[in-house]
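Welcome! Here is a short briefing to read alongside the structure, with a bound molecule to look at and then one helix to explore.

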Amino acid sequence: MISLWIPLIVAPLLLAIRLVRRPRPLPPGPRRKPIIGNLFDVPLQNPFAAFDTWRKQYGDIVYLEVLGNSIVVLNGMDPITELFERRAGNYSHRPVVQMVGELMGINRSIGLNNNDKVWRQQRKLAAIALGPVGAKQYIPLQERLVALFLSELEERPGDFMGLCELAAARLILEITYGISIENMENPYIKEAEDIFELVRRGVQPGAYLVDFIPWLKHVPAWVPFSSQATAARGRAQVEAFVNRPFESVKTQMAANTARPSLVASLLSDRSDVEGLDFEEILKWAASTMYDAGGESTAITLKSFIMAMALHPEAQTMAQQELDTLLNGSRLPTLDDRASLPYVNVCIKEIYRWHVAIPLGLPRRAEKDDIYNGYLIPRGSIILPNIRGIAEEGDHLTRFTPEIHLNKYADGSSDAPDPLSYVFGFGRRACPGKLLAENSLFIFIASILTVFRITKDIDSDGNEIPIDPKFQIGLMSHPEPFKCRIVVRSPETKKLLANQLLDRPIRGGG
Ligand code: HEM
């Protein structure tokens, strides 16, 4: 009799278990081809156009597959906040890159590190050096370097692209190691560019076979085509790049000749790193600063110059605000920030108008997860489509600082604050945000005070149009363009000369 009841009880139970465990669908996305998946659906010339189409077609979350790797693109603040902030434990990892990361050793840097314990200590040091108290000590240096940049721009306005890059590089290297550079031919810059190129190449699908077949890393060096020889060469290059400036600061500290810097200040006031190797942690944390902070700052400055040449009305409004406050008596400083609301929203609009890191830095899902009924498979690479979020709504192609002003005046704009997305999210958000914001404010407010930026004029007196185009890549620079940058008036010229005397290029702090 009991045996009759068993199927009646067990069958619904099994059905319930099957329903609960039924494989969840993957998020929507373009149809995948066998083996290659969506490899050829992402046009290399303009991947953003494809991302835009998919955002409109599939919504906030899109699934792609490339050669067996799952890629999940997040197109809205809702999934980003849910996954990167509320479920940070699963989504604060970076993708594992075999060749440049594991074998060449760049995975020890703060930006790629996946070792929770080490990475947390690196973030702690970065927070001490670049947080509100740390960032404050660099303000005099930032103001001096801005004065130097302005004088160079006055001398060589046609080279504004190169000067923006030099200014951003100079700032990060001074702050990180106390290294002062004259030009972009400096050996450290060259090495940093080589390493960045290594990373850029290494994260491209197909660059190294070992990234598809990780067990190849165990093949010894003497076997033809083994990854070991390439890895050893890269590793030596990476070690030299990371060790040299760090050791040089230590030697200078021993000789009492070290200039003030992030590394020197953290070395002289060592914090507890929970039994880990303090110098190793600091060395690798510092090594990321130039590549992470230099380019993004330079991109924002160049985009600002382009936007001002294209939008004279916004430039005039910002200059009127500065003139009313400063009355031609001095250059702006960080203390003026609260009194310059229009300049502030112009800067926010630059961040939004062109996002320097359009797809952020990729993350990885550590475990299988379900979001809105969709399966996000373990190991998926997660890309926040920051550029897509920035262009949401009807302000797609315009330059409209006012959208951020309205938001603060009466809360009527629903455009999310660019500061809430351009610097990333959750635990992995940019640790250099405050430093970058301070630098960009001083740079931008000072350029606006001293110069007028307009489209260039050809030999017939016609304006040369500017086509706002940006490079495709992890970091998206403006394509080279021409514009005119002239000192606004004879009075401003005098002001600039006086400010240079007041802010000598060399000096403490
Ligand atoms: C306009 C300037 C900048 C922008 C737009 C920017 C943006 C970003 C973004 C989007 C990320 C990825 C965050 C994520 O995964 O959610 C990031 C990471 C990072 N940024 Fe920045 N950044 C800027 C300037 C700087 C500066 C000046 C520094 C240092 C001096 C810096 C250091 C870093 C580091 C070390 C990381 C890696 C953090 C980690 O993986 O834990 N950045 N930044």
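**Around the ligand**

The ligand has 27 residues around it, and those that come nearest are Ala292, Gly293, Gly424, Cys430 and Gly432. Keep in mind as you look that this is a predicted model.

- Three helices, α6 (116–130), α13 (278–310) and α18 (433–450), each give the shell around the ligand at least two residues.
- Helix α13 provides the largest share of that shell, with seven residues.
- Sorted by class, the shell around the ligand holds 16 nonpolar residues, nine polar ones and two charged ones.

**Helix α14: its length**

- Helix α14 covers residues 312–326, and at 1.5 Å a residue its 15 residues should span 21 Å.
- The C-alpha atoms at the ends of α14 are 21 Å apart, which agrees with that expectation.

**Helix α14: its two sides**

- Which residues of α14 are buried? They are Gln315, Ala318, Gln319 and Leu322.
- These buried residues lie on the same side of α14, because they cover an arc of only 100° around the axis.
- The general pattern helps here: an α-helix has 3.6 residues a turn, so residues three or four places apart point the same way.
- On the other side of α14, you can find Glu313, Gln320 and Thr324, which are exposed.
- The cover over the buried residues of α14 includes α13, α15 (341–353), α18 and β7 (451–455).

**Just past the helix**

- Asparagine 327 comes just after α14 and takes a positive phi of about 55°.

Definitions and conventions
Residues are numbered from 1 along each chain as its sequence is written. This is a predicted model: local features need pLDDT of at least 70, side-chain atom pairs count only at pLDDT 80 or more; totals for chains, interfaces and linings use all residues. A residue is near a molecule or strand if its C-beta atom, placed from the backbone, lies within 6 Å of it. Helices (H or I, at least four residues) and strands (E, at least two) are DSSP runs, numbered from the N terminus. Ala, Val, Leu, Ile, Met, Phe, Trp, Tyr, Cys and Pro count as nonpolar, Asp, Glu, Lys and Arg as charged, and the others, Gly among them, as polar. The expected span of a helix is 1.5 Å times one less than its number of residues. A residue is buried if 20 or more other C-beta atoms lie within 10 Å of its own, exposed if 12 or fewer, and partly exposed in between; C-beta atoms are placed from the backbone. The arc is that of the directions from the helix axis to the C-beta atoms. Two residues are in contact if their C-beta atoms, placed from the backbone, lie within 7 Å.
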